[in-house]
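User: Hi! I'd like a close look at one residue in the model I'm sharing here, followed by a walk through its surroundings in the wider structure.

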Amino acid sequence: MRDAVDPFEAIKVVFFQECDELLGDLEAGLLAIESGAADGETVNAVFRAVHSVKGGAGAFGLEALVRFAHVFETLLDEIRSGRKPCDDLTVKTLLRASDVLADHVAAARGQAAPVDEARSAGLVVELEMLTHGETSAPAAETSMTVEAAVEDEFGFRPVAFSFPGLGDDPAVEAAPAGEGWRVVFRPHGQMYVNANESGLLLREMSRLGETTVSLDISAVPDLSDLVAEEGYLAWTVDLVTDAVEAAIRDVFEFVESDCDLSVTPLPAGPARVTVEPAPAPAEEFDVAALLMRAQAEVEAPVTAATPTPDPLPIAKVAPDASGVNAAVEASIAKAAAAPPANNVTPASPAATAAPLAPAAVTIRVDLDRVDRLINVVGELVIQQAMVAQRVVESGLARSSGISVGLEDLELLTREIQDSVMAIRAQPVKSVFQRMPRLAREVGEMTGKRVRLITAGEDTEVDKTVVERLAEPITHMLRNAIDHGLETPSERIAAGKPAEGTVRLAALHRSGRIVIEISDDGRGINRERVRAIAVSRGLIAEDAVLTDDEVDNLIFLPGFSTAEVVSDVSGRGVGMDVVRRSIQALGGRITIASNPGKGSTFTLSLPLTLAVLDGMVVTAAEQTLVAPLTAIVESLTPRPQDIHHVGGHDAVIRFRDEFVPLIDVALGMGFREVPILPETGVAVVIETESGQRAALLFDAIQGQRQVVIKSLETNYQQVDGVAAATILGDGRVALILDCDSIVASSRKKTAIRPELVRPDVHRPDFKFAS
Amino acid sequence: MTKTVLTIDDSRTMRDMLMMALVEAGYRVIQAVDGIDGLETLTAEGADVIITDINMPRLDGFGVIEGVRADPNHRATPVLVLTTESDAAKKQRARDAGATGWIVKPFDPVKLVDAVRRVAA
């Protein structure tokens, strides 16, 4: 079976997927237990999760994983059965064990570095101590291996029964000689109740070698005394075989306690004696007939109710005599096909060997197919908008049948679009699930006590967004614990509980997903942040900033570097990195801090990357789309706000700073001569790195949601262009890549940031978001 | 005639493993994800042999055995319990409930098929 590599590997993939789910359940269950929200079923579910991981791991021979899971499971079983209490300390240990179990799974999967053996071994000892009481477990138990456990499983030590009376049968005495075993087998009624059948056991023995079977029906009572559920028959089987005794006992493994069984070596003899049955019946006896009789006895003992003092004669079955074996098979099949008491519904004839999948409420679909569907729906939306525009242009009355029908179509189209987007939507749970472990580990490393509360795990967002959320959330959570929370002693001194709380929540708000990470720590130390910003030249020493603006300084590139991390009494580890990755998703990040009370980071992200909120603008008769997330403000330039810094390069005063003014049409080669700034519209944007610039367009047409079409897959990458879209009137419009426009304009004009600084003596830093 | 094996296990991995081994050996396999599902599937489709896990949500393997034995239509259907329990008491409990036999996880596909053949005509 294991030679068939492909299906086996495929199941392995399923196993690891299942492990992910089980580990998630495990952690969720343990956290529920920790918070006191657990019931008996939670403990059972936790046990089952570890148990299933172990079961699957065993199937794939993942020994290290099995071994760890076994110890883990043993303790959980004790807890489940109420033999061990599940106190706070135990839950903490179980949580750490779940982390190590996850490491074992990852290692087995080949995804991660080998497991930290010392940590794993340490936890094994801890788990065993908890399992066996507070005292250290005996060495023998500590080193218990799975193999030993499995051995136990098989380690039935059957007590051999001997039935002296049976061996006296003349027929049995004339058993075949040579190497082999004499098996005396007398089933109890219970064996039949449990749906075992003697016929099948005899057949199994015949696979081991040549059998000579005799049936003793002497115990069958008179019909009036007969109990249908009782076992009255006994078989004596002489088996010529090389098989060891254990192999024979294996055949009877399931029925050992429901029958009298003895297995003794066959008496050696010079030659095999073919036994002639004493009251030789006229018809030929074969095993098939014998088995049918046996079967009949099992199913309806009435038919075998005639007491016969002598044992029935013997039949021989040679293992290689395929004809005989076939007869056996046939008789068994026949017997089983219509058993009076065995009303098994026969498999329907239509049913073939093809496996029947269990009823499923989910289907797996290739992502490509979903994306293709989304693409086509995007086209549909565009086409619908185009038709709508044509109808308006044709001057049809709004009450006309076409217009009304078109409105309905528009509603349907929007619904289809939403439904299709929902296919790609996934709950943020997959990301949130990883966070409790992170919180524990960071807490352990930094000596903080932390309690992580998550909310809104079921909030759904586009798959791509979910995948790309993990990193920034990880980063921010780490910061919240490392820099936001105080040490337990500091907290107690500040009159707070020793255990800090970090809350991670997801929610939908006005068509976007909002993720909040808040802590009840010390909040941002504004003095310190300000001092750092000044020392790094990010703001002037005398800059006047609001609290909010100071807090947001931590997002500036260059604000934090590794060496200040540990000194900053606030946060700020690479927050510019976080902000960049959020912006790359079309999102924004803000912070609100309350000194001494804590901070809240708020991420706001689009629900999908397939649709974009854009501002539609005109530049040299080209229609362009600027992503709304990048836009800070739009304004009509006044001549007195514009300063030329040589050549065509200009800066414009925006609030209290000067930002470069970029003529987009000129930069993209739509025209040769720049327009007068005051005849156009300046749109102030902020790049992902926090730099500002004003883009000069001819006019603004309005805001619109547009379907993003990749330019790279359909054409090629173009500088300054992020993607394309099709507008309602059918025209293709380019979606601007603001960062690259700003960057290339700098390259061309070689304006260094310091040149853009205003000459006016209010070297002020303004940060608005 | 192809024999039908009903496998009841909450682990997809286990269900797949059983499926692979049994289909290879020529059995038809139907699956259920927990005890309740298992008994419902048995009622709806029938089976020649049942293989059930012990630890499952909703209804455990003991419940399955008891349910099968209490069902006049299916009480003679062999039930093999699938277990990693090294706990002999658990096995005894399964037997008392009416289990026909057991399969120890991790199972060797050959042993699995042996066990099924030992209880299925």
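How many C-beta neighbours does Ala195(A) have inside 10 Å, and does Ala195(A) count as buried or exposed?

Analyst: Happy to help. Please keep in mind that this is a predicted model. Ala195(A) has 27 C-beta neighbours inside 10 Å, and because 20 or more is the mark for a buried residue, Ala195(A) counts as buried. On the chain, Ala195(A) sits in the loop that links α10 (189-193) to α11 (198-206) of chain A. Its backbone deserves a glance too: Ala195(A) is not a glycine, yet its phi is positive, at about 70 degrees.

A second alanine makes a useful partner for Ala195(A). Ala620(A) is likewise not a glycine and has a positive phi, of about 50 degrees. Ala620(A) is found in a loop as well, between β13 (611-619) and β14 (622-627) of chain A. Its surroundings read otherwise, though: 17 other C-beta atoms lie within 10 Å of Ala620(A), so this residue is partly exposed.

Now for the chain that holds both alanines. Chain A has 28 helices and 23 strands. Of its 769 residues, 38% are buried, and Ala195(A) is one of the buried residues. If you take the contacts in chain A between residues at least 6 apart in sequence, 72% of them join residues at least 24 apart.

How far can you trust the details? The mean pLDDT of chain A is 73, with 74% of its residues at 70 or more. Residues 270-285 of chain A have pLDDT below 50, and the model gives this stretch 19 contacts beyond near neighbours in sequence. Residues 749-769 of chain A also stay under 50, with 37 contacts beyond four places in sequence. Where pLDDT is low, the predicted coordinates should not be read in detail.

One helix pair in chain A is worth finding on your screen. The axes of α19 (residues 463-484) and α24 (residues 575-584) of chain A come within 10 Å and cross at roughly 155 degrees. That angle is why α19(A) counts as roughly antiparallel to α24(A). The crossing is left-handed. On the α19(A) side, Arg468(A), Glu471(A), Pro472(A), His475(A) and Met476(A) make the contact, and they meet Val578(A), Ser581(A) and Ile582(A) of α24(A). By type, these residues are 4 nonpolar, 2 polar and 2 charged.

Chain B completes the picture. Chain B has 5 helices and 5 strands, which run β-α-β-α-β-α-β-α-β-α from the N terminus on. Buried residues account for 66% of its 121 residues. Among its contacts between residues at least 6 apart in sequence, 58% join residues at least 24 apart.

Chain B offers a helix pair as well. Here the axes of α2 (residues 35-45) and α3 (residues 61-70) of chain B come within 9 Å and cross at roughly 25 degrees, and therefore α2(B) and α3(B) are roughly parallel to each other. Their crossing is right-handed. Gly35(B), Gly38(B), Leu39(B) and Leu42(B) of α2(B) touch Gly61(B), Gly63(B), Val64(B), Gly67(B) and Val68(B) of α3(B). The tally for this contact is 4 nonpolar, 5 polar and no charged.

Finally, look at Val23(B) in helix α1 (residues 12-24) of chain B. Val23(B) has 16 other C-beta atoms within 10 Å, so Val23(B) is partly exposed. Val5(B) lies 18 residues from Val23(B) in sequence and 9.5 Å away in space, C-alpha to C-alpha.

Terms used:
Residues are numbered from 1 along each chain as its sequence is written. Chains are lettered from A and ligands numbered from 1 in the order in which they are written. This is a predicted model: local features need pLDDT of at least 70, side-chain atom pairs count only at pLDDT 80 or more; totals for chains, interfaces and linings use all residues. Axes are lines fitted to C-alpha atoms, for helices over the stretch in contact, and angles run from 0 to 180 degrees between N-to-C directions. Helices (H or I, at least four residues) and strands (E, at least two) are DSSP runs, numbered from the N terminus. Angles under 35 degrees count as roughly parallel, over 145 as roughly antiparallel, 65 to 115 as roughly perpendicular and the rest as oblique. A crossing is left-handed if the near helix is turned anticlockwise from the far one by less than a right angle, and right-handed if clockwise. Two residues are in contact if their C-beta atoms, placed from the backbone, lie within 7 Å. Ala, Val, Leu, Ile, Met, Phe, Trp, Tyr, Cys and Pro count as nonpolar, Asp, Glu, Lys and Arg as charged, and the others, Gly among them, as polar. pLDDT is the predictor's confidence in each residue, from 0 to 100. A residue is buried if 20 or more other C-beta atoms lie within 10 Å of its own, exposed if 12 or fewer, and partly exposed in between; C-beta atoms are placed from the backbone.
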